[in-house]
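Visitor: I would like to learn how to read a structure of this kind. Where do we begin?
Guide: Have it open in front of you, and we will go feature by feature.

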Number of protein chains: 2
Amino acid sequence: MKQKVFIYDTTLRDGTQGEGISLTVASKLRLAQKMDDFGVDFIEGGWPGSNPRDMAFFEQVSSLELKHAKISAFGSTRRANIRAEDDNQLKLLLDAKTPCVTIFGKTWLLHVEQVIKTTAEENLKMIKESVEFLKKNGRIVIYDAEHFFDGFKDNREYALKTLRAAIDGGADYLCLCDTNGGTLVEEFKSIVKDVCDFSKDVPVAVHCHNDSGVGVAVSLAGVQAGASMVQGTLNGFGERNGNANLCSIIPNLVLKLNCDLNCAPNLSKLRDLSLFADEMANARSDSRQPYVGASSFAHKGGVHADAANKVKRSYEHISPELVGNKTRVLVSDMSGRALVMMKAKELGMEIDAKDPKIKDFLDELKQLEFNGYGYEAADASFKLLLAKFLKKTKPAFAVHNYRVMVERDQFKEITRSEATVKLEVNGVLEHMVAEAHGPVGALDLAFRKALVRHYPQIMDIDLIDFKVRVLDSGLGANAVVRVQAEFKDGDSIWGTVGASDNVIEAAWEALRDAFEYKLMNI
Amino acid sequence: MKQKVFIYDTTLRDGTQGEGISLTVASKLRLAQKMDDFGVDFIEGGWPGSNPRDMAFFEQVSSLELKHAKISAFGSTRRANIRAEDDNQLKLLLDAKTPCVTIFGKTWLLHVEQVIKTTAEENLKMIKESVEFLKKNGRIVIYDAEHFFDGFKDNREYALKTLRAAIDGGADYLCLCDTNGGTLVEEFKSIVKDVCDFSKDVPVAVHCHNDSGVGVAVSLAGVQAGASMVQGTLNGFGERNGNANLCSIIPNLVLKLNCDLNCAPNLSKLRDLSLFADEMANARSDSRQPYVGASSFAHKGGVHADAANKVKRSYEHISPELVGNKTRVLVSDMSGRALVMMKAKELGMEIDAKDPKIKDFLDELKQLEFNGYGYEAADASFKLLLAKFLKKTKPAFAVHNYRVMVERDQFKEITRSEATVKLEVNGVLEHMVAEAHGPVGALDLAFRKALVRHYPQIMDIDLIDFKVRVLDSGLGANAVVRVQAEFKDGDSIWGTVGASDNVIEAAWEALRDAFEYKLMNI
């Protein structure tokens, strides 16, 4: 009999407390819809009254047609020494018109006395009466016990009294929050077990943060100790080091702990969901994120790639497809022959594994990487290099020379760049000049002008990404610079690399490879 | 009696298997020195023979004067069916001349039979004889049991036989590797306990990966189950989702599990070490990294920030200073003003807090940062800006114009750069030209030539660090580029910044600020 676990997402509320994370109302609505499609059970939408954005969200969310998820409004227990029905903040929680309401209350006497400055007794009343008030108004009520673990360690008896107050008020869930994220697995687990024995048939939830780097592990420990609901955020968005990451917790619960989750049937959409959340929050997606990151199943080491080729499962803890991810092979100076064979295959090149030239190629590759080239994101440059080595291609043009000039006039306050490029194309000498604000832009234009008469398709190429990295920056102006560029033409995207102690030269190499690659593929 | 735990770092070897992570020989040496200063016990330097970079590292590392750390060379057991003394790879391990050698061998029969394609019996011989051979040659030998947990689950008896072979060979440590990073805390802990009971007085180490998002938690569980050494990497660099992150494991062991670590006295340098590792790997530092990240103690929520003021420990699981970090309340305009005052004081500038110009300065600063400038590492540019704003300085020279030309001759295979600079210095027009291989070098020379007659001290300045970062790289050749440069003159070091959609212009701005700052300080 599988253990049932409910997923409670707070990306739209706690997640937006993360540094650099903010969500527009439109993004919050789209994300809510996407989470419902995925099968999330509860979606915490925001804190009514805390800001206009959250207000607007609750007004508009009712118009979404959700299949499964319950929206929850977040707030706190009533203020001290007033009646619940007179508390404006609780009123706003009802105005949000959500099926579920989540309120947090104080567990830790340090907070009761020094932060909200009231008595231990009054705090218990605040909890019981606030929950009672919301239940009377027909809400599902989740009670978030803030700082539960610190409070419990400080005074177990009082901590349990606060939970008793919530139970007496009629709470549907007791959520134990490790607000500061300081608790480690063993201690966390034993405390959750203790509470589960105490709460009997009132279900327990856990809400964790990643301050100790174990946010995922403690969430799982909570489930193993008897919790039946996990709160967290997509991609671990959240204050400080973030909330517990649901994109790691969900696959662990389904694939490793064999739990019964309503979203389990959609697990293969997990990577999509994660990328969508990044897009909505306008955050760079973390390629190293477990399960759903772009690097999660990327193999670099020669030995590993070789073995991964022989026995897939031998270097992958799960099959990437289960979470909508895939295996990738990276080229690096740790590569072996097998890696090159795999890469060539991936690139659609027929080569003979026994070809002695492969050995020479590997030596050349290692030397180039030693000199600053990197091919992980430069398949096109890699393929060109391999093709040249195996004499499988002759370049579509020969470079004679190029020149770039950058001029700054301080009075007119203008900077202009001019580039000239001389190529031999199909036996014809093409000598062209172009200008732009930056030197790379000027080179790009002149280069294309020199090719377009022979290869008009050269104008369809877009330069979509351009990165510069100084290696050994300690060498100052003489440091080697690596330029990585990405190009697009219709649906095809290809990356190239250049490296030199001259930034213009490195950029030129990246451009040259891109055009040569495009023309090789005619 | 505290539990003693040794820290084994493999950033220089396993860490470089991470996507986008590569370290030059110079960076590896600097990082090794820094880790020794911090108190790391073992530093795995690389795999001799796997690539020229690792070769060069082992040749040069002997010249470092290490106070405490032992360097280890990494490799594998001998090939099947030959004598250890005839195995070229084992020879290379000895040639590395390190006090310690770490070799990995197979635990999992799936690998023995399908990957290295030999017999269960021969695999045991390979382990025992390889360890024996290295011990005979006077090395400390750490035996890495690859895929230990998968192998153990598949066939406990055989897995323990492989460890027995290593013990019989004389191994100093048995390291249990969760190579695929698939094992969760409970199972991991019980297996490590089982092995510790089996291995008796041969100490056990653990080597974990973060594929399930619990790399830190399982490493800690290993220690709690009896392991006395933890392998990991700085910032969790490593293949796929990375190795277990020592920057989280170390503070957890010292501050939460009360273990005895040799690096404990230097814990307050942990954030420095983490940033230095990012710097060496040219990786963007992860602000959300536990303990050492820039966001680790950053409070955004009004409630939290307010409470954090009232009761510091109420929203921080540790005191940030313990790991060299600090509390941040994410900026308001007021803290902006306070920040400027602080910075000005730090830079030895007298300014009046009530000066209305400060508000204008803050607006200007916001605009500049919006345009791509960043001042965290550019105090000199910041001070110049502030001084100009408060009309406290008049520049030592006026720029009329500059020009840079880069020429490539494909036949002669030479690239040369020529720069001309026209300045007005003390009423005299100075027009100078210089050449170098790269455009920045040429600009630097011409610039100095134009100043030296009036300010000979300009020649004492060394450009010691030069970084280029493309912001919004999606704009391709038109993306804004930020150049960050560091200069040295005797004991004084200063940083400047330039930003433009023209990389040469950005570099020029960084140079100009550096010289202007130097001359302002006369």
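**Reading the contact between chains and within a chain**

Guide: Start with one atom pair. The side chains of A:Lys189 and B:Glu186 form a salt bridge, 2.0 Å from N to O. Keep in mind that this is a predicted model.

Visitor: How many salt bridges does the rule find across the interface of chain A and chain B?
Guide: The rule finds 5. It asks for a Lys or Arg side-chain nitrogen within 4 Å of a carboxyl oxygen of Asp or Glu. The A:Lys189 and B:Glu186 pair, at 2.0 Å, satisfies that cut-off.

Visitor: And how many residue pairs are in polar contact between chain A and chain B?
Guide: There are 39, with both residues at pLDDT 80 or more. On the chain A side, the element that gives the most is strand 11, residues 398-409, with 11 residues touching chain B. By class, that side of chain A holds 40 nonpolar, 41 polar and 31 charged residues.

Visitor: What area is buried between the two chains, and what share comes from carbon and sulfur atoms?
Guide: About 9,400 Å² is buried between chain A and chain B, and carbon and sulfur atoms give 51% of that. In chain A, the residues that lose the most area to chain B are A:Glu19, A:Arg240 and A:Arg288. Together they make up 7% of what that side buries.

Visitor: How many residues does each chain bring to the contact?
Guide: Chain A brings 112 residues and chain B brings 116.

Visitor: Back to strand 11. Which strand of chain B does it join, and do the two run parallel or antiparallel?
Guide: For strand pairing, look at partner, direction and bridge count. Strand 11 of chain A joins strand 11 of chain B, also residues 398-409, and they run antiparallel with 9 bridges. For a landmark, find A:Val404, which stands opposite B:Val406.

Visitor: What should I expect of side chains along a strand?
Guide: In a regular strand they alternate between the two faces of the sheet.

Visitor: Now inside chain A. Which domains does the assignment give?
Guide: Domain 1 covers 6-281, domain 2 covers 298-370 and domain 3 covers 398-520. The C-alpha centres of domain 1 and domain 2 of chain A are 44 Å apart. Each of these two domains puts 7 residues into their contact.

Visitor: How do I read the interface of domain 1 and domain 2 of chain A?
Guide: Use the same steps: area, then pairs, then elements. The buried area is about 540 Å², with 63% from carbon and sulfur atoms. The rule finds 0 salt bridges there. It does find 3 residue pairs in polar contact, both residues at pLDDT 80 or more. On the domain 1 side, helix 10 (246-256) and helix 11 (270-281) each supply at least two residues. Helix 10 gives the most, with 3 residues. By class, that side has 4 nonpolar, 1 polar and 2 charged residues.

Visitor: Where in chain A can I see a hairpin?
Guide: Look at strand 12 and strand 13 of chain A, with 2 residues between them. A:Asn426 in the turn has a positive phi of about 50 degrees. Strand 12 (residues 414-425) and strand 13 (residues 428-436) run antiparallel, joined by 9 bridges. A:Glu424 has A:Leu429 as its bridge partner.

Visitor: Which strands of chain A does strand 1 pair with in the parallel sense?
Guide: One is strand 8 (residues 229-232), joined to strand 1 (residues 6-9) by 4 bridges. There, A:Ile7 is partnered with A:Val230. Another is strand 2 (residues 42-46), which pairs with strand 1 over 2 bridges. In that pairing, A:Tyr8 has A:Phe42 as its partner.

How values were computed: Residues are numbered from 1 along each chain as its sequence is written. Chains are lettered from A and ligands numbered from 1 in the order in which they are written. This is a predicted model: local features need pLDDT of at least 70, side-chain atom pairs count only at pLDDT 80 or more; totals for chains, interfaces and linings use all residues. Side-chain values use heavy atoms; hydrogens and water are left out. Contact means heavy atoms within 4.5 Å. Buried area is the accessible area (1.4 Å probe) that two parts lose on being put together, summed over both. A polar contact is a pair of N or O atoms within 3.5 Å; within protein, one must be able to donate a hydrogen and the other to accept it, and residues adjacent in sequence count only if both atoms are side-chain atoms. Ala, Val, Leu, Ile, Met, Phe, Trp, Tyr, Cys and Pro count as nonpolar, Asp, Glu, Lys and Arg as charged, and the others, Gly among them, as polar. Two strands pair if DSSP finds at least two bridges between them. Domain bounds come from an automatic or database domain assignment.
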